[in-house]
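Below are my notes on the model you sent, point by point. Please read them with the coordinates open.

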Amino acid sequence: IAYEPQASHPFKGNIDIAKLRALITEVGIEKIPFIMLTITNNAGGGQPVAMSNLKEVKEVAAEYSIPVFIDAARCAENAYFVQQREEGYQNKTLAEIIREQFSYSDGCAFSCKKDPMANIGGLIGLNDEGLYQKILPLLIAQEGFMTYGGLAGRDLEAVARGLYEMTDDDLMANRIRQVEYLGERLDEAGIPIVKPIGGHAVFVDVAAFLPHIPQSHFPADALAVELYVESGVRAVGLGALCFSVPDERTGEAVFPKMELLRMAIPRRVYTDRHIDVAAEGLKRVYERRDRIRGLRIVHAPPVLRHFLARLEPV
Ligand SMILES: Cc1ncc(COP(=O)(O)O)c(C=O)c1O
């Protein structure tokens, strides 16, 4: 269901537990150093993971002694959806829910530019003293001493405050409402979007928006370009340019199941009038969608082409 953009489900970010078990058996625990769960799921539409799913993942992982790590960039948005949608959490605060989420993990990687609203910075959290001692030399060599990790004091302070502010229930409710506001403006104009609307962004279903452009011509990125040219609004394509991989045997491109355009909204930056500008821009592009053409690659490095490729219209 996670691959069906229009199909609604309260927790489309959940890991399929049966598939997780099958994968562990298939590849073997010696090849799995850890399980990483991204809450909320960014690439799949900003969709949340249920607390019950987090708990089950931890139980399965414990059976095989595999550590569980959380990619916590949007753990507070995830907690908000748990509070709103999962039985038994309506009367809990975001802070309580976040704490429970982390109780089902052995550690986390945390980009603090997301929910904690810092301009820069992140952290790795660990429960395991042995592992902590092991990564310290790497931290010092690659980032800086553990008292600052390569960050300026001002930024560390912003991270520390942001970690508290992200747990403010009212701020979060207003943030999610603004993302919903954008989604509703697009939905009422008939623009196909991923449902339910995600936590940090509205994801446009580009396969339905531009059905005449094949994945080999990168429709999601073509739409990002059109939106920027039309309105100066930046969004990001999450489709074939980002996720296609060559088939191991034939070398032919294997395309991802979805072509999405992510319209992410920074926290505490825009008013709803700004959001109207973005919605109106995409609506104008939608009206002339039949005339939009795809893109072809002019230059692409061997890795990270999504970030570094240069393209031209077909
Ligand atoms: C879920 C998630 N984790 C990690 C990152 C990477 O964060 P950073 O740029 O701080 O390394 C991103 C996006 O940038 C993200 O969306």
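1. Strands 5, 9 and 6, in that order, make an open sheet of 3 strands with antiparallel pairing. Strands here are DSSP runs of E of at least two residues, helices are runs of H or I of at least four residues, and both are numbered from the N terminus. Two strands pair if DSSP finds at least two bridges between them. Strand 5 (201–205) and strand 6 (236–238) are the edge strands, each pairing on one side only. On average, neighbouring strands of this sheet are turned by 30 degrees against each other, direction ignored.

2. On provenance: this is a predicted model, in which local features need pLDDT of at least 70 and side-chain atom pairs count only at pLDDT 80 or more, while totals for chains, interfaces and linings use all residues. Residues are numbered from 1 along each chain as its sequence is written, and side-chain values use heavy atoms, with hydrogens and water left out.

3. Strand 6 and strand 9 (residues 260–264) run antiparallel and are joined by 3 bridges. Within strand 9, leucine 261 stands opposite glycine 237.

4. Two helices lie across this part of the structure. Helix 7 crosses strand 5 and strand 9, at about 25 degrees to strand 5. Helix 9 lies across strand 5, strand 6 and strand 9, at about 40 degrees to strand 9. Axes are lines fitted to C-alpha atoms, for helices over the stretch in contact, and angles run from 0 to 180 degrees between N-to-C directions. Contact means heavy atoms within 4.5 Å.

5. Another open sheet has 4 strands in the order 1-2-3-4, with mixed pairing. Strand 1 (35–38) and strand 4 (122–126) each have a single partner strand, so one side of each is left without a neighbour in the sheet. From one strand to the next the twist averages 15 degrees. Strand 3 (residues 107–111) runs antiparallel to strand 4, and 5 bridges join them. Cysteine 108 has glycine 125, in strand 4, as its bridge partner.

6. The largest nonpolar core holds 38 residues, and Ile35, Met51, Leu54, Val57, Cys75 and Phe110 have the most contacts inside it. Such a core is a set of buried Ala, Val, Leu, Ile, Met, Phe, Trp, Tyr and Cys residues joined through side-chain atoms within 4.5 Å. Buried means under 20% relative accessible area, exposed over 50%, and partly exposed in between (1.4 Å probe, protein chains only). Among the elements giving two or more residues to this core are helix 1 (17–27), helix 2 (51–63), strand 2 (68–71) and helix 7 (169–188). Helix 3 supplies the largest share, 6 residues. A second, separate core of 28 residues includes Val179, Ile191, Ala220 and Leu227.

7. Leucine 54 touches Leu37, Val49, Ile70, Gln101 and Tyr104, residues up to four places away in sequence not being counted.

8. Asparagine 53 sits in helix 2. Asparagine 53 counts as buried because its relative accessible area is 4%. Its side chain reaches the backbone nitrogen of isoleucine 15 at 2.9 Å. With neighbours within four places in sequence left aside, asparagine 53 is in contact with Asn14, Ile15 and Ile17.

9. The whole structure contains 17 salt bridges, each a side-chain nitrogen of Lys or Arg within 4 Å of a carboxyl oxygen of Asp or Glu. In one of them, aspartate 106 pairs with lysine 58, the closest N and O atoms being 2.9 Å apart. Aspartate 106 is in the loop between helix 4 and strand 3 and lysine 58 is in helix 2, 48 residues apart. Aspartate 106 counts as partly exposed because its relative accessibility is 24%.

10. Which residue does arginine 288 meet in a salt bridge? The partner is glutamate 226, at 2.8 Å from N to O. The pair links distant parts of the chain, 62 residues apart: arginine 288 lies in the loop between helix 11 (272–287) and strand 10 (295–299), glutamate 226 in helix 9 (residues 219–231).

11. Arginine 154 and aspartate 155 also form a salt bridge through their side chains, at 3.0 Å from N to O. Arginine 154 is exposed at 56% relative accessibility, whereas aspartate 155 is buried at 14%. Elsewhere, a network of salt bridges links Glu77, Asp115, Arg175 and Arg267.

Terms used: Polar contact = N/O pair within 3.5 Å; in protein donor to acceptor, adjacent residues only side chain to side chain.
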